[in-house]
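The following exercises concern the architecture and the charged pairs of a single protein chain. Each task is followed by a worked solution in steps.

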Amino acid sequence: TANVEVDNLVKRINEVHDNLAQDSDHRFILRRYGKKLSPTNRTNVEHLHIETLCTNNEYQIDGQRYEEEVSNADVLAGTLSSLPLGKIISKEEFRAGIFEENGQTMEIENLIAFIRVSERVTLIGDHQQLKRGLKCQDLRWTNFDRSLMERLPLCDRHILETNYRSHPSIVTCFSEAFYGSKVRAAKVSRDLPKIKGIPWPKHGE
């Protein structure tokens with residue numbers, strides 16, 4: 001889920017930050033926003049979680065402290081759907097924004113988040129990924145489900161051409177079908193044991 005991915009990212013950033021801070025003075029303040037934390041990473045992320053830090057004894061959010069936490073944060077991580085854009089954070093801006101999974105993010109979701117970024121935006125995603133489901137049929141003709149990855153010109157993209165996750169036969173299949181045979185597998189077939197009972201696809205099938 002999105003919360004698991006965000007918490008994994010926050011955990012990793014915090015580990016890298018702690019290692020760098022031991023040898024330098026370049027420390028930064030990292031905060032995670034949003035009501036939900038993934039159960040697997042709760043203990044690793046909870047001390048950075050704004051909602052946890054700002055909840056009082058009556059289980060209510062201290063609005064003033066919440067705004068201070070966001071204002072003091074150098075790095076703010078969370079999902080687009082839980083981005084605090086209301087009265088609690090009305091004017092805060094960040095110099096740069098990095099947005100992941102933009103192949104499944106609707107254009108309007110990105111644009112709402114962009115109002116908090118003053119200088120540079122980086123979108124990470126797959127322009128060939130399946131779109132989000134759109135239940136309202138009346139909106140389909142408006143391209144409401146279109147992502148910015150689809151809309152932005154190809155000349156502004158940097159394509160990652162190495163796949164480190166999938167079996168080479170699978171990589172070859174979708175590389176030829178969607179990416180003009182530009183994507184290559186980092187793994188070699190002979191190094192991957194076959195799973196009994198599963199007929200792996202062969203080149204050309």
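**Exercise 1. Contacts and overall composition**

Determine what share of the contacts with a separation of 6 or more is due to residues 24 or more positions apart, and describe the chain as a whole.

Solution.
- Step 1. In this predicted model, residues 24 or more positions apart account for 50% of the contacts in the protein chain with a separation of 6 or more.
- Step 2. The secondary structure comprises 7 helices and 6 strands. Read from the N terminus, their order is α-β-α-α-α-β-β-α-β-α-β-α-β.
- Step 3. The chain has 205 residues, of which 27% count as buried.
- Step 4. The exposed surface of the protein chain is about 14800 Å², and carbon and sulfur atoms supply 52% of it.

**Exercise 2. The buried side of a helix**

Identify which residues of helix α5 are buried, and explain how they are arranged around the axis.

Solution.
- Step 1. Helix α5 spans residues 107-114, and E107, N110 and A113 are buried in it.
- Step 2. These residues lie on the same side of α5, because the arc that they cover around the axis is only 130 degrees.
- Step 3. The cover over the buried residues of α5 includes the strands β3 (94-99) and β4 (117-123), as well as α6 (148-151).

**Exercise 3. A salt bridge with two buried partners**

State how many salt bridges the structure holds, and examine the pair formed by D7 and R32.

Solution.
- Step 1. The number of salt bridges in the structure is 7. The general principle is that side chains of opposite charge can pair when their charged atoms come close.
- Step 2. One of the salt bridges joins the side chains of D7 and R32, with an N to O distance of 2.7 Å.
- Step 3. This pair links distant parts of the chain: D7 belongs to helix α1 (residues 2-21) and R32 to strand β1 (residues 30-32), and the two are 25 residues apart.
- Step 4. The cut-off for a buried residue is a relative accessible area under 20%. D7 is buried because its relative accessibility is 0%. R32 is likewise buried, because its value is 0%.

**Exercise 4. Two further pairs and a network**

Are E119 and R95 buried or exposed? Establish also which elements are tied together by the salt bridge of R146 with E107.

Solution.
- Step 1. E119 and R95 form a salt bridge through their side chains at 3.5 Å, N to O. Strand β4 contains E119 and strand β3 contains R95, so this pair ties together parts that are 24 residues apart in sequence.
- Step 2. Both E119 and R95 are exposed.
- Step 3. In the salt bridge between R146 and E107, the closest N and O atoms are 3.4 Å apart. R146 is located in the loop between β4 and α6, whereas E107 is in helix α5, so parts that are 39 residues apart in sequence are tied together.
- Step 4. R146 is partly exposed, because its relative accessible area is 25%. E107 counts as buried, because its relative accessibility is 9%.
- Step 5. R31, R65 and E69 are joined into one network by salt bridges that share partners.

**Exercise 5. Cysteines**

How many disulfides does the structure hold? Classify C54 and C173 by accessibility.

Solution.
- Step 1. The structure holds 0 disulfides.
- Step 2. C54 counts as buried, because its relative accessibility is 2%.
- Step 3. C173 is partly exposed, with a relative accessible area of 46%.

Notes: Residues are numbered from 1 along each chain as its sequence is written. This is a predicted model: local features need pLDDT of at least 70, side-chain atom pairs count only at pLDDT 80 or more; totals for chains, interfaces and linings use all residues. Side-chain values use heavy atoms; hydrogens and water are left out. Buried means under 20% relative accessible area, exposed over 50%, partly exposed in between (1.4 Å probe, protein chains only). Helices (H or I, at least four residues) and strands (E, at least two) are DSSP runs, numbered from the N terminus. The arc is that of the directions from the helix axis to the C-beta atoms. Contact means heavy atoms within 4.5 Å. A salt bridge is a side-chain nitrogen of Lys or Arg within 4 Å of a carboxyl oxygen of Asp or Glu. Accessible areas come from the Shrake-Rupley method with a 1.4 Å probe; for residues, only the protein chains shown count as cover. A disulfide is a pair of cysteine sulfur atoms within 2.5 Å.
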